[in-house]
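Student: I have a protein model to study and do not know where to begin. Could we go through it together?
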Amino acid sequence: VTAVLNGGLAPLSFPKAIQSTVVGVVKGNGEYPDLLVQCSSGESEAPMYYCTYKSKDLSGRLVYEAPVAVSSIPWSREDLAVRVCAVGSRIYGFHLSAGSGKIMSVYEFNASSRTFASVASVPVSGIDYGVAGFEVIPQENGNIEVLVLCDDGSVYYPTLADRTHSSYNSA
């Protein structure tokens, strides 16, 4: 993937980024979707960028305009990652705080202004264990399903097919 830079092409890169992850796609005006990319820099904030699809180069590689910073969803190292997904024709960002007061925050993305606006914050109850991760899955009916991965502190080992003993035991 390349980007237009000073009239030429360069690898798609982001300022101060140690790692970058595509967290969402937006249906733009091109053959391929535009990208929402979140970057990790080792700092407390994780900046997000909007990359507009431009074209393909002669080798068939996708070419994007230079990344543009967007208003990022509030996030800190103590929290879980942000998830971005399309629900119908709208793009939403989801953030789950992992601390003792677990709160799911929902943001709607405005592609023209390239900003996320807060829509709702909902306390999450019924999770007695530490949250290790989460995923947001859009459903065909326009609803979303949120999967939460928890750590109950137990260690689990696979068993053999005959279920006689743990595959880690020598007996």
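Tutor: We shall go through the strands, the sheets, the cores and then some single residues. Please keep in mind that this is a predicted model.

Student: What does the secondary structure come to, in helices and strands?
Tutor: The protein has zero helices and 14 strands. Read from the N terminus, the elements run β-β-β-β-β-β-β-β-β-β-β-β-β-β.

Student: Which strands make up the open sheet that contains β3?
Tutor: That sheet has four strands, in the order β3-β4-β5-β8, and its pairing is antiparallel. At its edges stand β3 and β8, each with a single partner strand, so one side of each has no neighbour in the sheet. From one strand to the next, the twist averages 35°.

Student: How many bridges hold β4 and β5 together?
Tutor: Four bridges pair them in the antiparallel sense. One residue to look for is Leu 35, whose bridge partner in β5 is Cys 51.

Student: And the sheet with β9, what is its strand order?
Tutor: The order is β9-β10-β11-β12, again an open sheet of four strands with antiparallel pairing. Its edge strands are β9 (82–87) and β12 (115–123), and each of these pairs on one side only. On average, neighbouring strands in this sheet are turned by 25° against each other, direction ignored.

Student: How many bridges join β11 to β12?
Tutor: Eight bridges join β11, residues 103–110, to β12, and the two strands run antiparallel. Across this pairing, Tyr 107 stands opposite Ser 118 in β12.

Student: Let us turn to hairpins. How many residues lie between the strands in the hairpin of β6 and β7?
Tutor: Five residues lie between them, and in this hairpin Gly 60 takes a positive phi near 90°. The strands β6 and β7 run antiparallel and are joined by three bridges. Lys 56 has Leu 62 in β7 as its bridge partner.

Student: Now the interior. Which residues touch the most other members in the largest nonpolar core?
Tutor: That core has 13 residues, and the ones touching the most other members are Leu 36, Met 48, Val 70, Val 84, Phe 109 and Phe 116. The elements giving two or more residues to this core are β3 (19–26), β5 (48–51), β9 and β11. Apart from it lies another core of eleven residues, which includes Cys 85, Phe 94, Met 104 and Val 106.

Student: What share of the protein is buried?
Tutor: Buried residues make up 32% of the 171 residues.

Student: You mentioned a cysteine. How many disulfides are there?
Tutor: The structure holds zero disulfides. The cysteines can still be compared by their surroundings. Cys 85 has a relative accessible area of 12%, so it counts as buried. Cys 150 has a relative accessibility of 32% and therefore counts as partly exposed.

Student: What about the aromatic residues? How many pairs does a search of the whole structure find?
Tutor: It finds five aromatic pairs. In one of them, Tyr 32 and Tyr 53 are tilted, at 5.4 Å centre to centre with 55° between the planes. Tyr 32 lies in the loop between β3 and β4 (34–40) and Tyr 53 in strand β6 (residues 53–56), so the pair ties together parts 21 residues apart in sequence.

Student: Which of those two is buried, and which is partly exposed?
Tutor: Tyr 53 is buried, at 9% relative accessible area, whereas Tyr 32 is partly exposed, at 30%. Another tilted pair is formed by Tyr 92 and Phe 94, at 6.4 Å centre to centre with 45° between the planes. Both Tyr 92 and Phe 94 are buried.

Student: Which residues form an aromatic cluster with Tyr 32?
Tutor: Tyr 53 and Tyr 64 form one aromatic cluster with Tyr 32.

Student: One last residue. Where is Pro 67?
Tutor: Pro 67 is in the loop between β7 (62–64) and β8 (68–70). Its relative accessible area is 24%, so Pro 67 is partly exposed.

Student: What does Pro 67 contact beyond its neighbours within four places in sequence?
Tutor: Pro 67 is in contact with Leu 12, Ser 13, Phe 14, Tyr 49, Tyr 50 and Cys 51. Pro 67 and Tyr 49 are 18 residues apart in sequence and 5.7 Å apart in space, C-alpha to C-alpha.

Key. Residues numbered from 1 in each chain as written. Predicted model: local features only at pLDDT ≥ 70, side-chain atom pairs only at ≥ 80, totals over all residues. Heavy atoms only, no water. Buried < 20%, exposed > 50% of the residue type's maximum accessible area, 1.4 Å probe, protein only. Contact = heavy atoms within 4.5 Å. Pairing = 2+ DSSP bridges. Axes fitted to C-alpha atoms, helices over the stretch in contact; angles between N-to-C directions. Core = buried A, V, L, I, M, F, W, Y, C linked by side-chain atoms within 4.5 Å. Disulfide = S-S within 2.5 Å. Phe/Tyr/Trp six-rings, centres within 6.5 Å; stacked < 30°, edge-to-face > 60°.
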